[in-house]
Amino acid sequence: MLTKNYQHSKKLVDKYLSRPLKLRRGRLFGVVTDILKKRSAILKVSHKYPTPFYLFDRRGLQTSIKEFKTVFGQHIPRLNIFYAVKSNPHPYVLKEVIKGGLGLDVSSGRELQLAIKNGVKKMIFTGPGKTDAELALAIKHRQKLIINLDSFTELRRLGQMLRRQKKTMRAGVRVYLSSQSNWNKFGIAVSDLSKFFSAAKKYPEIKLEGIQCHMSWNKTVTAYENLIKEIATQVKTLSAEDRAQIKFIDFGGGFETYNQEGYFPWTLTSGEIIKEATEHFGQTAQFKDKYYLSESIPLKDYAVAIGRAIFKYLDPWIKLNYYCEPGRIISNPAMHLVLKVMDIKRPGMAILDGGTNMIGYELFEYFYYPTVNLTRPSKKEIAYRFYGSLCTPYDLFGYYCYARGIKEGDIIIIPNQGAYTYTLAQNFIKDIPATYIFS
Ligand SMILES: Cc1ncc(COP(=O)(O)O)c(C=O)c1O
């Protein structure tokens, strides 16, 4: 573990651990009041069908689609929205998104086929390491699809396939920025854009007409401002002929949900060390704060900043279409997790009837989401540990619940779990539960 320049590393660690942290304290009561408005309708579903289940919230999804379209449409010119299928590919979600007028952003042959099956009208295909079968599928559906090429190799492979089939298709190229070194598994360096346009000339079958870049988990607008600025700088270096080919810039997804989640003190480095150390000595770590609220900004702040950057760096000299690929911000309100209290093991601890195979990983050990006892709701949050029914200790649903108490048979809901949970669910020990609709 000791590095050669140990003293230097130790100094950095000490400095890192003692840096001031911006900790947001508070409650996410809005989530609770919103779900309680739907209480009787949800309880009805829970009496009709066996728990656990995913509850598809059509109105919740419709609202998020409408809000995104309105807010981004107000601030960003010539906008095309492609919902990121990976965040939740359930047919109910895809059908509603398509009905709402959005395109789909697919990342694999599987997602592409799902998109087709659910009636997609336009899509963008982005992802590294596309197989021959996936390229062939993209070619087959080329009338509805733009493919974002991930490398020079992919350019050659697609170009050769199209030539053999005597076909042409539209494409973009994915880039990563100089500030994005940890994302460089995706796309080409933005500084290689000019080289890429030159290489593409060998394949007139490929209509290279766009530039794409995506970064996830953007809690501020900086990533988007850098993206627009760096791409604009590089586009200026292209020849007039190459520049004239460009029709769109796709600034990806990565918009965080606002005031929806928190995190536990042990997700901070210092908290993790305290927890590890106390548990090592057989004790339970105690923390002053229950949880902190995650940093995030309202949707409008993203739209305003992106719009401003476009009007500052690009729009005055080049008129382009703008594409984006929002995932979680759209699908998060589309699903809730509904479970039942099976077994009260001791005061303050119960087993629910579903397992965290419903969400695919140990999300709730680190991240806080308000949990509500729909049978016995309260404005007060009590400390209560919910475990799942999988035969593994890594099966926790949460540490707190808005409840007047917990009794066997109570219906527990974890609202707004539509993004990256259903899509990561696995048949581990138990089957992936069914999805029901309520209205
Ligand atoms: C290429 C691409 N676009 C869009 C998204 C959607 O991101 P988010 O759900 O954070 O909006 C992802 C997510 O990983 C992605 O890889």
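Three bridges join strand β2 (residues 79-84) to β3, and the two strands run parallel. The model described here is predicted. The points below start from these strands, then turn to the annotated residues, the ligand shell and some backbone details.

**Strands β2, β3 and β4**

- Within the pairing of β2 and β3, Tyr 83 has Leu 104 of β3 as its bridge partner.
- The connection between these strands includes helix α5 (residues 91-99), and β2, α5 and β3 together form a right-handed β-α-β unit.
- Strand β3 also pairs with strand β4 (residues 123-126), through three bridges and in parallel.
- On that side, Val 106 has Phe 125 of β4 as its bridge partner.
- A second right-handed β-α-β unit is made by β3, helix α6 (residues 109-117) and β4.
- Strand β3 covers residues 103-106; Gly 103 and Asp 105 point one way, while Leu 104 and Val 106 point the other way.
- In a regular strand, side chains alternate between the two faces of the sheet.
- All four of these β3 residues are buried.

**Lys 86**

- An unreviewed UniProt entry annotates Lys 86 as "modified residue: N6-(pyridoxal phosphate)lysine".
- Lys 86 sits in the loop that links β2 to α5.
- Lys 86 is buried, because 22 other C-beta atoms lie within 10 Å and the cut-off for buried is 20 or more.
- Apart from neighbours within four places in sequence, Lys 86 is in contact with Ser 107, Glu 111, Gly 327 and Thr 423.

**The ligand shell**

- The ligand is surrounded by 16 residues, and the closest are Ala 84, Gly 253, Glu 325, Gly 327 and Arg 328.
- Gly 327 is thus named both among these closest residues and among the contacts of Lys 86.
- By type, the shell holds four nonpolar, eight polar and four charged residues.

**Cys 391**

- UniProt, in an unreviewed entry, lists Cys 391 under "active site".
- Cys 391 is in the loop between β17 (381-387) and β18 (396-402).
- Cys 391 counts as exposed because it has 9 C-beta neighbours inside 10 Å, and 12 or fewer is the cut-off.

**The annotated domain**

- Residues 70-265 are listed by UniProt, again in an unreviewed entry, as "domain: Orn/DAP/Arg decarboxylase 2 N-terminal".
- Over residues 70-265, helix makes up 39% of the chain and strand 21%.
- The end C-alpha atoms of this stretch are 36 Å apart.

**Pro 204**

- Pro 204 is in the loop between α9 (193-200) and β8 (206-212).
- With 12 C-beta neighbours inside 10 Å, Pro 204 counts as exposed.
- Pro 204 is 188 residues from Tyr 16 in sequence, and their C-alpha atoms are 52 Å apart in space.

**Backbone details**

- Most residues other than glycine have a negative phi, and most peptide bonds are trans.
- Thr 51 and Pro 52 are joined by a cis peptide bond, with omega about -5°.
- Pro 52 is in the loop between α3 (39-48) and β1 (53-57).
- Arg 78, a residue other than glycine, has a positive phi near 45°.
- Arg 78 is in the loop between α4 (58-75) and β2, and with 14 C-beta neighbours inside 10 Å it counts as partly exposed.
- Ile 429 is not a glycine either, and its phi is positive at about 65°.
- Ile 429 is in the loop between β19 (411-414) and β20 (435-438), and with 13 C-beta neighbours inside 10 Å it counts as partly exposed.

How values were computed: Residues are numbered from 1 along each chain as its sequence is written. This is a predicted model: local features need pLDDT of at least 70, side-chain atom pairs count only at pLDDT 80 or more; totals for chains, interfaces and linings use all residues. UniProt positions are given in the numbering used here, feature names are shortened, and annotations may be inferred rather than shown by experiment. Helices (H or I, at least four residues) and strands (E, at least two) are DSSP runs, numbered from the N terminus. Two strands pair if DSSP finds at least two bridges between them. A crossover is right-handed if, with the strands pointing away from the viewer, the path from the first strand over the helix to the second runs clockwise. A residue is near a molecule or strand if its C-beta atom, placed from the backbone, lies within 6 Å of it. Ala, Val, Leu, Ile, Met, Phe, Trp, Tyr, Cys and Pro count as nonpolar, Asp, Glu, Lys and Arg as charged, and the others, Gly among them, as polar. Two residues are in contact if their C-beta atoms, placed from the backbone, lie within 7 Å.
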